[in-house]
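Q: Please take a close look at one part of this model, its interior, and set what you find there in the context of the whole. I would like the cut-offs behind each term stated as you go.

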Amino acid sequence: MDKLMILSQICSCVTGIAAAVLLLVRPVRDWVTGANRLREGQKSLLRSSMLRTYYRNRESKTIRQYEFENFHLEYRAYKALKGNSFIDRIWEEVRRWSVVS
């Protein structure tokens, strides 16, 4: 029983160390590769594109089908990159607009 207890403790320690290493890998990898800066750039481009579409169509409150589909894809990508809630309000308004072909 003592050997089983020691083996269990060793496995527990190895699992804890592996979990700690995994938690450190992504931030270090992102720092080395500059992935954080790329993500911020992507968010900025997505936000800019969505706002351009929004302000172009805001007065008429209509949006073309392809623009609406593109806006929706951009919105989902923006949120996946942890974009802020400002665009949520814009998206909610755009969703109420008339979609024309």
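A: In this predicted model, the mean positions of the 18 positive and 10 negative charges of the protein are 3 Å apart. Lys and Arg are taken as positive and Asp and Glu as negative, while His and the chain ends are not counted; each charge is placed at NZ of Lys, CZ of Arg, CG of Asp or CD of Glu. Residues are numbered from 1 along each chain as its sequence is written, and side-chain values use heavy atoms, with hydrogens and water left out. Local features need pLDDT of at least 70 and side-chain atom pairs count only at pLDDT 80 or more, whereas totals for chains, interfaces and linings use all residues.

As a frame for the interior, the protein has four helices and two strands, which follow one another along the sequence as α-α-β-α-α-β; helices (H or I, at least four residues) and strands (E, at least two) are DSSP runs numbered from the N terminus. The radius of gyration is 23 Å, well over the 13 Å that the globule rule gives for 101 residues, so the protein is more spread out than a compact globule. That radius is taken over C-alpha atoms, and the rule is 2.2 Å times the number of residues to the power 0.38. Along its principal axes, the C-alpha trace spans about 75 × 30 × 20 Å. Buried residues make up 25% of the 101 residues, where buried means under 20% relative accessible area, exposed over 50%, and partly exposed in between (1.4 Å probe, protein chains only).

Now to the core itself. In soluble globular proteins, nonpolar side chains tend to be buried together. Here the largest nonpolar core has 15 residues, of which Met50, Phe71, Ile87, Ile90 and Val94 touch the most other members. Helices α2 (35-57), α3 (65-80) and α4 (86-95) each supply at least two residues of this core. Such a core is a set of buried Ala, Val, Leu, Ile, Met, Phe, Trp, Tyr and Cys residues joined through side-chain atoms within 4.5 Å. Leaving out residues up to four places away in sequence, Met50 touches Phe71, Glu74, Tyr75, Tyr78 and Ile87, a contact being heavy atoms within 4.5 Å. Over the whole protein, residues 24 or more positions apart account for 67% of the contacts with a separation of 6 or more.

Tyr78 also appears among the contacts of Lys43, which, with neighbours within four places set aside, include Leu81, Lys82 and Gly83 as well. Lys43 is in helix α2 and counts as buried because its relative accessibility is 11%. Its partner Lys82, in the loop between α3 and α4, counts as exposed at 69% relative accessibility. Phi of Lys82 is near 65°, a positive value in a residue other than glycine; most residues other than glycine have a negative phi. Lys61, in the loop between α2 and β1 (62-64), likewise has a positive phi, near 55°, and is partly exposed, with a relative accessible area of 42%.

Helix α1 (residues 2-33) offers a view of the wider span, since Val28 lies within it and its C-alpha atom is separated by 27 Å from that of Ile10, 18 residues apart along the chain. Met5, also in helix α1, counts as exposed at 54% relative accessibility, and its C-alpha atom is separated by 67 Å from that of Arg64.
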